[in-house]
Amino acid sequence: MSACLDIANLSAVLANGQRVLRSVSLTVQPGEVRALVGESGAGKTMIGKAVLGVLPSSVSIVEGDMRLEGEDLGKLPPKARRALIGARTALIPQDPLTALNPSRRIGPQMTDRLVRILGWSGDGADRRTRQLLDEVQIRDPDRVLKSYPHELSGGMRQRVLIAAAFAAEPRLIVADEPTTALDVTVQKQILRLIAALQREHGTAILFVTHDLGVVAKISQKVSVLYAGKVVEEAGTADLFAAPRHPYTRALMAATPRYTDPFASLKPVDETVLAGLAAEIAAADQAWRRPNG
Amino acid sequence: MLLQRFLIRLLTMLVTLFGVAVVVFVVIRVAPGDPIAMMLPPGATDADIARLRALYGLDKTIVEQFFIWLSGVARGDFGTSISLRQDVLGLVFNRLPATLELAIVALVMAVAIGGTTAILGARERGTAIEAGIDIASGAALSIPDFLWGLVLILLFGVLVPIFDISGRVSPQLDLPFVTQFYFFESLLRLRFDLTWDLLKHMLMPAIALALPLAAIISQLLKQSLKEVLDLDYVVLARVKGFSETQVILREALKNAALPTLTLIGVQFTFLIGGTVIVERLFSYEGLGNMAIDAVINRDLPLIQGIVLVFALLFVLINLAVDMMYALLNPRLRHG
């Protein structure tokens, strides 16, 4: 059985030639949650966008394969690729405040993919949407579906976006820091909701986050990213029990703990950073940019 | 609350119009040129001149003249044209529809051309197509409307004579119209033969007026579209599987159009100002053409009437834009 998502040796560069993804390989098995963890600028969101085919025009992929359920995304013509991504994947975006169109009502924004891309009937899409709103514990679907985004709170909007993401039963969801823009009390509810829906629907998730606490709660596998390079990859339990890479250990040491918030805050060590820099430089030296 | 806002709006409109009236009234009397001297043959006696001056009320002070004229305007009497010897209001309303038709056709063309090139440019951003659109809109913008008029006359009136270069309609045609809105009425009466003849006369001046506005619309709308196209909800729509064109039309256009809409309102008033010289160029029988005759003949009442009607038009356009803005933006509507 082929992996739900299989990324092999993916490299991407900016227009000025600077490498932003360094031969990234990772797989997400069907029904599995793979966390992609790293600090800001490590390229974790970039990987999600590359999979979904929505990289900014300043970034171009120069090497590597991405396979969605065995289909090589790079070999498909653009139209077929868009259709495949639209049918089998979904995105839970980072900021629910900007991820809904301010001038359209919630209802059509939730059903438009079902109706216009997947060819559902209007009634079927409406029923499905209401069922999903119920699953994300929205109790007054009539009001929500008729609302404009600015009439809902941030937590409500994120629920709407989660419901919309699961509505078409995608095989893979890219969750791009879905709790970062929310306040702490809402974060926990949203995380539980995503975990519950994931279990129930058996959807594979590529979960992008900078928060190791979130990783521990939701994922089975983790890839630790630094400067566009996967520095460590392991099962979540193994990673927390015995982190092998010094950067992973440093990240864990930098994560605040509720029991002792101040003592646990340590910035990443200078020697660790120097080691990382050497590692990245060595990788870049060994790498030759392929033609075309 | 709404009524209060409406009344304040109405009051500012009246103050604006009063200001325009004062300025026009004073300027055309202080500027050199004497309407009476234009009317009489050389060698007229001083007594004749004085008599005619008294007849048109020009022997009184400017302040007196102004209030006599204003009390007339309040009763709907804009005076009598000196050169045409007819009621000013009648003359203006006779010509206004021709100018409005020309301006509206030009506006529709500008929005169509500007909107299409903006959407195309945003869809093909970063490619040679976008660069081509930028060059074209730069050229359209830097050449003024009357120069476009001359270019068009050379191209389609002289080199490839497919359009008529002068007048509003072929004079030999029998016109069944009851209003002065010939073009719109010909559409309503389904007399497309007449529509075509009117279009052949109207198209070149309309294009000349439309091109600079189309360029502005194209540039601003393309810029706003490109900004909106990087926003999260647009990215989400792409992930859903919508094509770039669908994404632009369904998600981006409405939100990107708001700043352009305000600009169109302002620029449309400039376009109407542009009709004055473009109508002259194409001998199009509209209000602008009459305005130039009125200025040449120092026809004071007619100039005042025309300018006041133009001012009223500008104020109403601004009002319409404000209302459309509220209609398009749900946050303004409910907030």
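How many Å apart do the C-alpha centres of domain 1 of chain B and domain 2 of chain B lie? We'll get there in Exercise 1, after some ground rules.

This is a predicted model, where local features need pLDDT of at least 70, side-chain atom pairs count only at pLDDT 80 or more, and totals for chains, interfaces and linings use all residues. Residues are numbered from 1 along each chain as its sequence is written, while chains are lettered from A and ligands numbered from 1 in the order in which they are written.

**Exercise 1. Find the two domains of chain B and describe the contact between them.**

Step 1: take the bounds, which come from an automatic or database domain assignment. Domain 1 covers 2-74 and domain 2 covers 93-334.

Step 2: get the separation. The C-alpha centres of domain 1 of chain B and domain 2 of chain B are 33 Å apart.

Step 3: look at the contact (C-beta atoms, placed from the backbone, within 7 Å). Domain 1 of chain B puts in 14 residues and domain 2 of chain B twelve.

Step 4: assign the domain 1 side to elements; helices (H or I, at least four residues) and strands (E, at least two) are DSSP runs, numbered from the N terminus. Two or more residues each come from α1 (2-30) and α2 (35-39) of chain B, and α1(B) has the largest share, nine residues.

Step 5: sort by class. Ala, Val, Leu, Ile, Met, Phe, Trp, Tyr, Cys and Pro count as nonpolar, Asp, Glu, Lys and Arg as charged, and the others, Gly among them, as polar. The domain 1 side that touches domain 2 of chain B then has ten nonpolar, two polar and two charged residues.

**Exercise 2. Work out the overall make-up of chain B.**

Step 1: count the elements. Chain B has 14 helices and zero strands.

Step 2: get the dimensions. Along its principal axes, the C-alpha trace of chain B spans about 85 × 60 × 40 Å.

Step 3: check burial (buried means 20 or more other C-beta atoms within 10 Å of a residue's own, exposed 12 or fewer, partly exposed in between, with C-beta atoms placed from the backbone). By that count, 35% of the 335 residues of chain B are buried.

Step 4: split the contacts by separation. Among contacts in chain B with a separation of 6 or more, 74% join residues 24 or more positions apart.

**Exercise 3. Check the length of helix α6 (residues 128-142) of chain B, then find its buried side.**

Step 1: the expected span is 1.5 Å times one less than the number of residues. For the 15 residues of α6(B) that gives 21 Å, and the end C-alpha atoms are 21 Å apart, so the two agree.

Step 2: pick out the buried residues of α6(B), namely B:I133, B:S137 and B:A140. They cover an arc of only 60° around the axis (taken from the directions from the helix axis to the C-beta atoms), so they sit on the same side of α6(B).

Step 3: turn the helix around. Exposed residues on the other side of α6(B) include B:A128, B:I135 and B:S142.

Step 4: find the partners. The buried residues of α6(B) pack against α5 (88-123) and α9 of chain B.

**Exercise 4. Describe the chain A side of the contact with chain B.**

Step 1: count. Chain A gives 24 residues and chain B gives 16 residues.

Step 2: rank the elements. On the chain A side, α2 (78-88), β6 (89-92) and α3 (106-117) each supply at least two residues, and α2(A) gives the most, with five residues.

Step 3: apply the classes. The side of chain A that touches chain B has 13 nonpolar, seven polar and four charged residues.

Step 4: zoom in on α2(A), where A:R82, A:I85 and A:G86 are buried. Their arc is only 100° around the axis, so they fall on the same side of α2(A). The buried residues of α2(A) pack against α1 (44-52), β6 and α3 of chain A together with α10 (232-239) of chain B.

**Exercise 5. Find where A:E69 and B:L190 sit, and check their phi values.**

Step 1: A:E69 is in the loop between β4 (59-68) and β5 (71-72) of chain A. Its phi is positive, about 50°, although A:E69 is not a glycine.

Step 2: B:L190 is in the loop between α8 (182-188) and α9 of chain B. Phi of B:L190 is also positive, near 60°.

Step 3: compare with the usual case. Most residues other than glycine have a negative phi.

Step 4: check burial. A:E69 is partly exposed because it has 17 other C-beta atoms within 10 Å, and B:L190 is exposed because it has 9.

Conventions: Two residues are in contact if their C-beta atoms, placed from the backbone, lie within 7 Å.
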